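Let's take a walk through this model, starting where two chains meet and ending in a single loop. Have the 3D view open as you read.

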Amino acid sequence: MHQVKASRWLTLAAACALGAASLAACSTAQPEPSDDAPVTIRLAHGWVGEVPQAAAFVPAIEDYAADHPEIDLVVEESAGNAIGEKIATQMAAGEEPDVFLHWGVNRSSEYIEAGRVADLTDLLDAHPDVEEWFDPASFSAAQLDGGTYGLPMSTYIHMFLYDEQAFSDAGVGAPETLDDLLDAVPALAAEGAIPLSANITAQRYLFELYVAQLIDDNEELREFAETGEGHDSEVAEAAQAIIDLREAGAFPQGAESLTTLPSLELYNAGQALSYYQDSWTLGNLSPEVADRTVVGLAPAIDASSDVKMVSGSNYFVYMSQKAYDDPAKRDAAWDLMTYLAGPEVAARLLEVSDAPSAIPMDELNLDESEISSVVTDLIEMRDELGPDEIVPLFEQYLSPEALAGLQDLAERLLIGQVGADDVAQAYRDVLADAS
Amino acid sequence: MRAIGTGVRAVFTWGMAFFVLALLAWVGFTAMKSNSEIFASPFGLPESWSLDNFTQAWEVGGLGSAFVNSGIVALLSVALGLGLASCVAYAVSCIPFRGSSALLLVFAFGLGVPLQSLIVPTFLKMTDLGIRDSIWSLILVYAVFSLPKAVFLLAAFMREVSGEIVEAATVDGAGHFRIFGRVVLPLVRPALATVGIIDFIGAWNEYVYASVLVSNPGARTLPLGLANFQSEYASSYGLVAAGIVLSIVPVIVVYIAFQRNVVEGLSSGALKG
Amino acid sequence: MTATAVLEPTIGRDSPPSAPRTPSRRGPSRRLGSWRRRWLPLLVLVLPALALYGWFFLASVGQTAYFSFFDWNAISTPEFIGIDNFVEIAQDPVFVRALGNTAYMTVLLLVVQLPLAFLLAWFLYRRVRGHGFLRTVYFIPVIISSVAVALLFGFLYETNFGLINTALRGLGLGSWTRNWLGDQATAMTAVTLPLVWTHYGLMMIILLAALQGLSKDVLEAAEVDGVNARQRLWHVVLPMIRGPIGVCALLSVTTAFKVFDFVLLLTQGGPASLTQVTGSYLYQAGYQQFKYGYGSAIATTVMIMVALCFVLPRLFRRRRGEGR
């Protein structure tokens, strides 16, 4: 009995050893690295799966990998917001990717301040052609303390889309002011439709637009964003406007748990007659509805205000400091970054995913037939506006903690926990907590 | 009287079953509809029994290799976890020694730990071991994290095993190893199967650690594939429903097949007395 | 035998009174008294598990507890701040609300889910018609991943075109429609329901296994004695499986304190922290708001609270003079 047992154990042990040895042999069976060994670059991004940009972006990356055998491209994908958390964990462990897509300073300042993201100023100086692709203002959300840390990957335009036919059926013309919209709500809602499909995020965007319109000055807006001082009455008025809209029944029920793309689906399905959101969702607008859709400026709270539209750049491609410090990696990473942020991919994003890029349309080599009329109308509308008429979302200027506080404050306003008059002070409290 | 009792019982049990089956059927139907159809008639049968959503979900989610990976990870982590846990559970409930109470407490303490708070330390450890971006890290993590619950449950069941049987075995001169393997383990087979199933499901469906530890698509598990349809970006409900169906059906099949073994073990009669 | 009694290992419930628990007395321990026969198996059985557990689990827990005393965003250098995090937790209205929500969740699990699971287990045990099929059906929700369940319930609750509201409107009960996930009155219950739906199958299976381990003799004896069905259930069966019921109760409580994925997927803890629970709050603080030290402190607080749930009943029992 014991002899049988002993030999059985021996056999098992020998098998394990053999297995381990062969595994080890396999892993070292690769050829010895030569001078031309491929540089490994880890790229992390969230434009995958059902996100509209994925249709253009994923093939673009594959094409790059195929064209560049000298770069061993390792791609890490996690749909949408999940990539943010993944990068956070990797940063915490010191295992951050070499190149990654991420939001602007209001979500990445912690990484930049910890010295984990490379300052691209020198690279941009050495490659002025790259810098010239973009409107200088589009770098602002990736700039901190004099350094520039990212290349703009996209532009956000907050758009107001409405179904022209349905509006005229209800006897309502295009709403140009807030009052127009409020007046139109009963008629639009009469058939059981939702007048304006705006989830809680979009309602916050509208609030920020209204604050910007009432303050009516870009510099002052930025100062307000950073201090919360001096514009209490404007803030109260903007907050009240959103509450009025809500109480009139303009927004969908359950907007608090309605996420972004599903809110577009309400519009696609004809259940909502207009839609306010960030332009990255355009790729999911259904073609049938697109034919009936008119792109307009958001109904203004103050018709005399210069400010007409919210637009800016808040999504960038970054390089990690680790990659920057390694000369071979730096060059490969820069090459990849300039490809991803560059005109070729931008054109694809526009054609396939209807995603406006930070590179002006006329500088792209576009196949006009591929582009939807809605995105063309939207970009043309924006391009016709002067610099005073466009503002970024003021939350772009905030730190991550303050941004989270603002989002929470907006939610509380929208579910009635905070009164319109108290918002300004609550905002100052948010800023105080965050510092 | 008895007829009413049976009637109530039937209504209750089949009513509960209805909640499960109806929802599943609804998911199945929804998977065959387009978005506009879903909004228009959420309850109706699909117009065309189209499998388009299923194929698209399969491709978008990369579900083919994800299934294989999930299977390997779940099976190996359950084998390891269950093996370790049953050893400890036996030691704690059937070997009298002074620290047994404390040892059980050490493992049971793990029940109160929110696993999501251990992400960063685990990430660091796996990176140090060099296995982070592979299924081995998941196997190890799932096996170890399953220990608190498994030890706790198995110890509870082993304790119920009649002391007389253990007594009789020891009188026969059996050492602990033999009592463990030949006497106690067969007696707690339903518990082992139960805990095994629980661990398997846990490993199969685990999402957070899989998404954090594993990056390369070759090692991706099923929940990651499904996560491509996750809320913020899930706008095609038919696709989502198809993804759900594809992720459930094989597990149900495996469970039904495995369940028969549990039934056999239960009716083996070893539990009498 | 209460829930905490399960923490006191014994050789067997029916062991004769003469079998003590300490060594060097009569009973099986004497026969197995020698080092080789007792301590060797012990080491072999326990050491591997304990080593892995200690290294991967306990060490990580220790690190989390350690970071509770720091102000750290997980990237730059941690700054030691003593118990400031804990002080902040005690004054944090969101945490208080999260705790309340978690308590509500726990109550729902114990009062709704557990009796439900037991009844189903009992009926299955009594071989109600179709019990084999039913057992599989009840377990199916357990198998579905939480992402899928959240998506499913999200669609159920959707205010405009979700199943529940559409059904209500179809039945002419339009006035009963609600914003299930956003209305303060219903939000927390709505968020807990997926947890109940996926969990009762698990509890049921544990209780069923426990019932099947019961001695048939005692049950038959009770029947012969003329005890009716309800009395038998209440006075004979339930006390016999008090241990496993305690186990299930404990598992339910710990689950409620730790759950976070349903909440995050359905409501992100909102709106305005309305449906925040301890598990989701610590996750958001740590991984979404860069407040890793604070998140760790919340985790540590949760662990302590759960440990207290373990320990307090036991101390209380001892003081009352029961047991040992």
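A polar contact here is a pair of N or O atoms within 3.5 Å; within protein, one of them has to be able to donate a hydrogen and the other to accept it. With that in hand, look at where chain A meets chain B: the rule finds two residue pairs in polar contact across this interface, both at pLDDT 80 or more. That pLDDT condition is there because this is a predicted model, and side-chain atom pairs count only at that level of confidence or above.

What does chain A bring to the contact? The elements giving two or more residues to its side are β2 (71-77), α3 (82-92) and α12 (260-268) of chain A. Of these, α3(A) supplies the largest share, five residues. By type, the residues on chain A's side split into eleven nonpolar, nine polar and six charged.

Charges also pair up across the boundary, and the rule finds two salt bridges between chain A and chain B. One of them to pull up on screen joins the side chains of Glu77(A) and Arg220(B), at 3.6 Å from N to O.

Now step back to the whole interface. The size of an interface is often given as the accessible area lost when the parts come together. For chain A and chain B, that comes to about 2,200 Å², with 59% of it on carbon and sulfur atoms. In residues, the contact takes 26 from chain A and 28 from chain B.

Next, turn to chain C, which is built from 14 helices and two strands. Out of its 324 residues, 56% count as buried. What chain C does expose adds up to about 13,800 Å², and carbon and sulfur atoms supply 62% of that. As for how the chain folds back on itself, take the contacts in chain C between residues at least 6 apart in sequence: 64% of them join residues at least 24 apart.

Last stop: a loop with some backbone angles to check. Most residues other than glycine have a negative phi. Gln268(C) goes the other way, with a phi near 55°, and you'll find it in the loop between α12 (261-266) and α13 (278-288) of chain C. Ser273(C), also not a glycine, has a positive phi of about 60°, and it too is in the loop between α12 and α13 of chain C.

Are these two buried or exposed? Gln268(C) is partly exposed, because its relative accessible area is 36%, while Ser273(C) counts as buried at 12%, under the 20% cut-off.

Definitions and conventions. Residues are numbered from 1 along each chain as its sequence is written. Chains are lettered from A and ligands numbered from 1 in the order in which they are written. This is a predicted model: local features need pLDDT of at least 70, side-chain atom pairs count only at pLDDT 80 or more; totals for chains, interfaces and linings use all residues. Side-chain values use heavy atoms; hydrogens and water are left out. Contact means heavy atoms within 4.5 Å. Buried area is the accessible area (1.4 Å probe) that two parts lose on being put together, summed over both. A salt bridge is a side-chain nitrogen of Lys or Arg within 4 Å of a carboxyl oxygen of Asp or Glu. A polar contact is a pair of N or O atoms within 3.5 Å; within protein, one must be able to donate a hydrogen and the other to accept it, and residues adjacent in sequence count only if both atoms are side-chain atoms. Helices (H or I, at least four residues) and strands (E, at least two) are DSSP runs, numbered from the N terminus. Ala, Val, Leu, Ile, Met, Phe, Trp, Tyr, Cys and Pro count as nonpolar, Asp, Glu, Lys and Arg as charged, and the others, Gly among them, as polar. Buried means under 20% relative accessible area, exposed over 50%, partly exposed in between (1.4 Å probe, protein chains only). Accessible areas come from the Shrake-Rupley method with a 1.4 Å probe; for residues, only the protein chains shown count as cover.
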